[in-house]
Amino acid sequence: MTEQNNALPPKTCEIERLVTMEDDINKVLEGTKTATRRNGRYADVGEVMELKGKKFVVDNVYSQSLGELTDADAEREGFENVDEYKQSILSYHPGMPWLPQMRVWVHEFSPVEE
């Protein structure tokens with residue numbers, strides 16, 4: 001475990017649940033999605049996730065408010081801009097409010113070169 005992980009709170013879920021939607025899995029495999037946001041911490045830095053036989057290592061994990069999201073963040077999520085990302089998230093979670101102060105955990109990852 002790295003020093004950075006020591007500063008983070010305990011994980012709230014397992015890495016296997018980090019990316020589960022078929023569209024998101026395909027975006028990761030295509031290389032258009034290199035980050036995902038969750039309401040809990042699903043992985044430690046250095047942990048490896050496997051999707052359809054391909055491995056991806058978690059490079060960074062940090063907290064961010066929804067109000068801090070930029071179009072560049074949305075692009076790493078596989079969307080063109082924040083509004084497109086926001087609409088997608090709200091379609092997955094009907095009735096969920098989009099509150100700028102709401103904090104999420106960002107998990108950034110990259111392919112493992114084998």
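Okay, let's start with a question: which exposed residues does α2 carry on the face turned away from its buried side? Hold that thought for a moment. One thing to say up front is that this is a predicted model.

So, the answer. On that outward face of α2 you'll find Asp-23 and Glu-30, both exposed. Now flip to the other side of the helix. Asp-24, Ile-25, Lys-27 and Val-28 are the buried ones in α2. If you look down the helix axis, those buried residues fall within an arc of 160°, so they line one face of α2. And what do they pack against? The buried residues of α2 meet β2, β3, β4 and also α4, which is residues 82–92. Just past the end of α2 there's Gly-31, with a positive phi of about 85°.

Right, on to the sheet. It's an open one made of four strands, and going across you read β1-β4-β3-β2, with antiparallel pairing. The edges are β1 and β2; each has a single partner strand, so one side of each is left without a neighbour in the sheet. From one strand to the next, the twist averages 35°.

Let's walk across it. Starting at β1, residues 35–38, four bridges tie this strand to β4, antiparallel. A handy landmark there is Arg-37, which sits opposite Val-106 of β4. Next, β4 and β3 are joined by nine bridges, again antiparallel. Here you can look for Val-57, with Ser-110 in β4 standing opposite. Last step: β3 to β2, antiparallel, with four bridges. At that pairing, Leu-51 faces Lys-54 in β3.

Now, the inside. As a bit of background, nonpolar side chains in soluble globular proteins tend to be buried together. In this model the largest nonpolar core has 17 residues, and Val-19, Met-49 and Leu-51 are the ones with the most contacts inside it. Who contributes? α2, β2, β3 and β4 each supply at least two residues of this core. The largest share, three residues, comes from β3.

Take Met-49 as an example. Leaving aside neighbours within four places in sequence, what does Met-49 contact? The list is Ile-15, Leu-18, Val-19, Lys-54, Lys-55, Phe-56 and Phe-109.

And there's one more piece: a second core, separate from that one, with nine residues. Leu-66, Leu-69, Phe-79 and Ile-89 are among them.

That's the tour, so over to you for questions.

How values were computed
Residues numbered from 1 in each chain as written. Predicted model: local features only at pLDDT ≥ 70, side-chain atom pairs only at ≥ 80, totals over all residues. Heavy atoms only, no water. Core = buried A, V, L, I, M, F, W, Y, C linked by side-chain atoms within 4.5 Å. Buried < 20%, exposed > 50% of the residue type's maximum accessible area, 1.4 Å probe, protein only. Contact = heavy atoms within 4.5 Å. Pairing = 2+ DSSP bridges. Arc of directions from axis to C-beta. Axes fitted to C-alpha atoms, helices over the stretch in contact; angles between N-to-C directions.
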